[in-house]
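Let's take a relaxed look at this model together. Have the sequence and the 3D view open as you read.

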Amino acid sequence: MEEELKCHVGIGGVVEGEALVANDNFSARYDLDRIKGVFSRPTHALAGQSYKDKILVFNTAKGGVASAWMLHEMTARGIAPKAILFNAANTILAQGAALAGMAMCDRFADGDVTTLISTGDFVTVYPEQGRVVVKRKGI
Amino acid sequence: MKLSPLEQAMLDGEMGAARQWAVRHQLQVGRMFDAKDMVEVSQAHMMADPESIGVAGVALFEAFAALPETERRVHIPMITDPRGVDLSYYQPLGQTEEMADLERRFVAACLKLGILLTDTCINYQTIMPPVQGENVAYGDTGVVIYSNSVCGARSNFEGGPSALAAGLTGRTPRYGLHLDQHRQATCRFVIRQQPEGLTDGGVLGAVIGRKAGSYWEVPVIEGVERVPNSDEIKHMGAAMASYGSTPLFHIVGITPECQTLSDVSGDKLRSKEVTKSDIDELRRPFGAKGEKVDVVVFAAPQLSLVEMQQVANLCRGKTIHSGTDLLVCTPPSVYVDAERMGLVDMIETFGAKVLQGTCFYQQYAREIGEANGWKRLLSNSTKIVNILGGYGYQPALASMEDCIASAVAGEII
């Protein structure tokens, strides 16, 4: 069964992949071991998990400006998420996605995206159209 | 987005590949945030340490640096945030030649672009503070929150790529904090306990940032009885931005856009109290009294000349414990003054090291921690203890006085 979610027009091209979801916030500087490709901040909801090729889903972005470069740097080395979805992105993450060519969307019409999508769901992101299609895990 | 003839010419490539890249970047970002047009900016400030930008980022700068001079030079004064490597002192920290080479390549490219390598996150104290109402494109969240809140200037968080784009075009998409409606308060806080000193200010900022919780929230704060000085409010703002992604706050009767609560529509909001338990809860993970301390760090934000003197005075006549290191990060311009006035000598006689133009968390913090066996880190910066948990440290927080006393004792007092 597929479900379509509407969101604000985003950044980047069409991508698909497995969702990794947390009701938490995101900073590439604060939360990641970018060499190993895992969440390294002990208090992060996804601590220890790999983000490579995932569609990450978070509440909002936090912290510093470094994430704007880091998404580009991570993409260039091939250890990066395919897309990041937020309830509310901040400017830094949007700027970083633009440089990296990474898909990013936010402001979902149906409410909290961290509850609309579950970890393991198969997700296709259409940033230009402001649309995300979700195929439920195990369905 | 509506483009002026000049912006359209840049987009069409008539002013070279760098400016074309820049406008394209700005159009993508502007569209996501519903910008209708561009706004001219007077300065750009770019965060771009080699750890963040990596080999791919340096290559981008080098490609622009190879363009003809008229095509590559920035359009407005453009300055830089702290560097990742102090090229006069990196081997003793365990930084590698590879890191230093990346830094050298980046510096060379920046010079060809006409970028001023100020290497500072306190440009509002040391270079040219913006004026109320001035539109700027600043990077470093601490710079942006200070400039918006204390100076009344107008900037979004411009990450490195967007600051570079603004430098090349002299404008930025008009969204967010360039617009009046996004500068009104969205949440209202009352404080009952007055912050005393830099660390208290940082903790208060962190609590409010965490409660505010997103880039699009603007806190207004009531109950601040004493006008904080520039260093106090910079720690408060830097921590608020770090914990909350907050780019602007108002303090009633103190910051320029908020002489009264109603100036920012705060009178329409229900107030929340910042309680002692909020403050205690924020501090709790950063305790660790009695534990051995590996490294004490004064950074994030870099130290002003006044802070350099405070550290120097605390170091006078004392010696650091043999099992503890102490690093102090300050901009190159402050370093020169501090050296001239004997402050660097006082700090280094104590056994600390003053670094020029870097900031600890932006200089390969994970790698230098591993190289030096630093685990337990102590700082007076609420911002840095927030960041470094993800870098393999066990951070602890104390006042500047207690940090120095702990460095002498070799354990957190």
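## Chain A, step by step

Walk along the sequence of chain A and you meet the pattern β-β-α-β-β-β-α-β-α-β-α-β-β. That comes to four helices and nine strands, where helices (H or I, at least four residues) and strands (E, at least two) are DSSP runs, numbered from the N terminus.

A quick note: this is a predicted model, so local features need pLDDT of at least 70 and side-chain atom pairs count only at pLDDT 80 or more, while totals for chains, interfaces and linings use all residues. Residues are numbered from 1 along each chain as its sequence is written, and chains are lettered from A and ligands numbered from 1 in the order in which they are written.

How much of chain A is buried? Of its 139 residues, 58% are, buried meaning that 20 or more other C-beta atoms, placed from the backbone, lie within 10 Å of the residue's own. Chain A has a radius of gyration of 13 Å, which agrees with the value near 14 Å for a compact globule of 139 residues. The radius is taken over C-alpha atoms, and the globule rule is 2.2 Å times the number of residues to the power 0.38. Along the principal axes, the C-alpha atoms of chain A fill a box of roughly 35 × 30 × 25 Å.

## Chain B and its domains

Chain B is split into these domains, with bounds from an automatic or database domain assignment:

| Domain of chain B | Residues |
|---|---|
| domain 1 | 5–180 |
| domain 2 | 184–284 |
| domain 3 | 287–409 |

The C-alpha centres of domain 1 and domain 3 of chain B lie 28 Å apart.

Key. Buried ≥ 20, exposed ≤ 12 C-beta atoms within 10 Å, placed from the backbone.
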